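User: I would like to learn how to read the features of a model such as this one, from helix faces to salt bridges. Could you take me through them one at a time?

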Amino acid sequence: MLDDTLSSHFTPLYTFEAVDMQDAERQLKEVMPNSPLINNSQPEKVRCPRCRSTEIQLVHKKFSLLTGFATNRFDRMCVNCKKKF
């Protein structure tokens, strides 16, 4: 009952006329490039929160002041603006 009333008043913004899945994926990328339905094989690159650069370097954390010994953690440091995050 509810489906009939919604579908009769709903007009889609875009309809696909694809012959296979690759064609449908290509059309979806054109209409919505950031769609979560598209499987991106490339992971998103880490960016600096300050300057948005992708040139990131891992640096060791130094000594902890509270415990007095070295930690096994790393910080990310932007090569461009030297911000640690």
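**Reading the helix, its charges and a strand**

Analyst: M21 and Q22 are exposed on the other side of α2, the side opposite being that of D23, Q27 and L28, which are buried. Buried means under 20% relative accessible area, exposed over 50%, and partly exposed in between, with a 1.4 Å probe and protein chains only. This is a predicted model, in which local features need pLDDT of at least 70 and side-chain atom pairs count only at pLDDT 80 or more, whereas totals for chains, interfaces and linings use all residues. Residues are numbered from 1 along each chain as its sequence is written, and side-chain values use heavy atoms, with hydrogens and water left out.

User: Why are D23, Q27 and L28 placed on the same side of α2?

Analyst: An α-helix has 3.6 residues a turn, so residues three or four places apart point the same way. In α2 the buried residues are D23, Q27 and L28. They cover an arc of only 135° around the axis, which puts them on the same side of α2; the arc is that of the directions from the helix axis to the C-beta atoms. Helices are DSSP runs (H or I, at least four residues), as strands are (E, at least two), numbered from the N terminus.

User: What does Q27 touch, leaving out residues up to four places away in sequence?

Analyst: A contact is a pair of heavy atoms within 4.5 Å, and on that basis Q27, which sits in helix α2 (residues 21–31), touches Y14, F16, E17 and A18. Q27 has a relative accessible area of 8%, and therefore counts as buried. In addition, a polar atom of the Q27 side chain lies 3.4 Å from the backbone oxygen of E17.

User: How many salt bridges does a search of the whole structure find, and which side chains meet in them?

Analyst: Side chains of opposite charge can pair when their charged atoms come close. A salt bridge is here a side-chain nitrogen of Lys or Arg within 4 Å of a carboxyl oxygen of Asp or Glu, and the search finds 2 of them. The side chain of R26 meets that of D23 (2.6 Å, N to O) and that of E30 (2.8 Å, N to O), so that D23, R26 and E30 are linked in a network. R26 and D23 are separated by about one helical turn because they are 3 residues apart in helix α2, while R26 and E30 lie 4 residues apart in this helix, again about one turn.

User: How exposed or buried are the members of this network?

Analyst: D23 is buried at 15% relative accessibility, R26 is partly exposed with a relative accessible area of 43%, and E30 is exposed with 55%.

User: Where is L58, and which residues is it in contact with beyond its neighbours within four places in sequence?

Analyst: L58 is in strand β1 (residues 56–60), and it is in contact with D75 and R76 once those neighbours are set aside. The C-alpha atoms of L58 and M77 are 6.1 Å apart, although 19 residues separate them along the chain. L58 counts as exposed because its relative accessibility is 58%.

Conventions. Polar contact = N/O pair within 3.5 Å; in protein donor to acceptor, adjacent residues only side chain to side chain.
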